Amino acid sequence: PSAAVANELKVPLFTGTNAPAVMTPGPWSFIGAHPAEVTMPLLGNYVAENGKSRQCAGVYASDNEASAGMQTEMRKVLEPKGVKFIESVGVKTSDADFSVPATRVVAAKPDCVELFTLANQAANFMTQLRQAGLPQNVKLYGNPALASDALVKLGGPAVEGTVIIADWVPGGITPLQKSFAAAYRKATGKEADNWAAL
């Protein structure tokens with residue numbers, strides 16, 4: 001809705017989302033993150049080729065257009081490569097109790113689980129997956145929103161080994177990134193996540 005207003009007023013709107021619909025109202029609205037059409041093929045190829053996964057479960061925020069779009073794009077990449085989605089779970093961004101959907105995912109016996117939610121919710125879901133009996137050898141994959149220290153702080157051992165695609169590696173890798181991370185920490189008292197870097 002804000003994109004339509006920005007275009008009507010001819011005021012630039014720059015958002016952190018990757019949802020291409022933000023650009024639909026006109027030339028005054030922009031997205032800050034790469035759309036799913038760009039990122040999901042990269043992650044999907046990794047899942048199929050390096051992860052050698054054949055049966056995946058997907059968890060996405062059903063009330064978030066970008067999240068749902070990432071899962072849709074991932075399916076477009078994986079299914080032609082012989083990777084099946086044997087379970088798909090939509091959750092609300094306000095949900096915290098995942099005992100039922102986690103049990104559903106574990107019962108499906110996937111060899112990978114892909115999470116298209118925010119970091120704090122993904123950490124919680126992964127923890128509940130492990131509590132529901134998800135074996136350690138099941139690979140976990142995630143979207144750029146998981147590039148946050150919140151994933152590790154909240155998920156602890158349950159998120160170990162998770163592979164994500166992101167615009168930003170927490171803490172930075174290059175001198176410029178490390179400089180940004182230090183300046184962000186000094187200014188806010190927090191660690192920069194993917195959205196802060198964007």
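## Exercises on a predicted model

The count of salt bridges in this structure comes to six, a salt bridge being a side-chain nitrogen of Lys or Arg within 4 Å of a carboxyl oxygen of Asp or Glu. The model is predicted: local features need pLDDT of at least 70, side-chain atom pairs count only at pLDDT 80 or more, and totals for chains, interfaces and linings use all residues. Residues are numbered from 1 along each chain as its sequence is written, and side-chain values use heavy atoms, with hydrogens and water left out.

### Exercise 1. Salt bridges

Task: Determine where the salt-bridge partners Lys81 and Glu49 lie and how far apart the closest N and O atoms are; then treat Lys76 with Glu73 and Asp149 with Lys153.

Solution.

Step 1. In the salt bridge of Lys81 with Glu49, the closest N and O atoms are 3.6 Å apart. The pair links distant parts of the chain, for Lys81 is in the loop between H3 and E4 and Glu49 is in helix H2, 32 residues apart. Helices (H or I, at least four residues) and strands (E, at least two) are DSSP runs, numbered from the N terminus.

Step 2. Accessibility is classed as buried under 20% relative accessible area, exposed over 50%, and partly exposed in between (1.4 Å probe, protein chains only). Lys81 is partly exposed at 35%, and Glu49 is partly exposed at 46%.

Step 3. Lys76 and Glu73 form a salt bridge with an N to O distance of 3.1 Å. Both residues lie in helix H3, three residues apart, about one turn of the helix. Lys76 is exposed, with a relative accessible area of 54%, whereas Glu73 is buried, with 12%.

Step 4. The closest N and O atoms of Asp149 and Lys153 are 3.0 Å apart. These two residues of helix H6 (residues 149–155) are four residues apart, which means a separation of about one helical turn. Asp149 is partly exposed at 22%; Lys153 is exposed at 64%.

Step 5. The general rule is that an α-helix has 3.6 residues a turn, so residues three or four places apart point the same way.

### Exercise 2. The buried face of helix H2

Task: Establish the span of helix H2, list its buried residues and state what covers them.

Solution.

Step 1. Helix H2 (residues 36–49) has 14 residues and reaches 19 Å from its first C-alpha to its last, close to the 20 Å expected at 1.5 Å a residue. The expected span is 1.5 Å times one less than the number of residues.

Step 2. Ala36, Thr39, Met40, Leu43, Gly44, Val47 and Ala48 are the buried residues of H2. They lie on the same side of H2 because they cover an arc of only 155° around the axis, the arc being that of the directions from the helix axis to the C-beta atoms.

Step 3. Their cover includes E3, helix H3 (65–78), E5, strand E6 (139–142) and strand E7 (163–164), where contact means heavy atoms within 4.5 Å.

Step 4. Leu78, in helix H3, is buried at 0% relative accessible area. Leaving out residues up to four places away in sequence, Leu78 touches Gly44, Val47, Ala48, Val83, Phe85 and Glu114.

### Exercise 3. Sheet and cores

Task: Give the strand order of the open sheet and identify the elements that give two or more residues to the largest nonpolar core.

Solution.

Step 1. The open sheet of five strands has the order E4-E3-E5-E6-E7, with parallel pairing. Two strands pair if DSSP finds at least two bridges between them. E4 and E7 are the edge strands, each pairing on one side only.

Step 2. E3 and E4 pair in the parallel sense over seven bridges; the bridge partner of Cys56 in E4 is Phe85.

Step 3. A nonpolar core is a set of buried Ala, Val, Leu, Ile, Met, Phe, Trp, Tyr and Cys residues joined through side-chain atoms within 4.5 Å. The largest has 22 residues, and those with the most contacts inside it are Val59, Val105, Val113, Phe125, Met126, Leu129 and Leu151. Two or more residues come from each of strand E3 (55–61), strand E4 (84–91), helix H4 (99–108), strand E5 (112–116) and helix H5 (119–131). H5 gives the largest share, six residues.

Step 4. Apart from this core lies another, of 16 residues, among them Ala36, Met40, Cys56 and Phe116.
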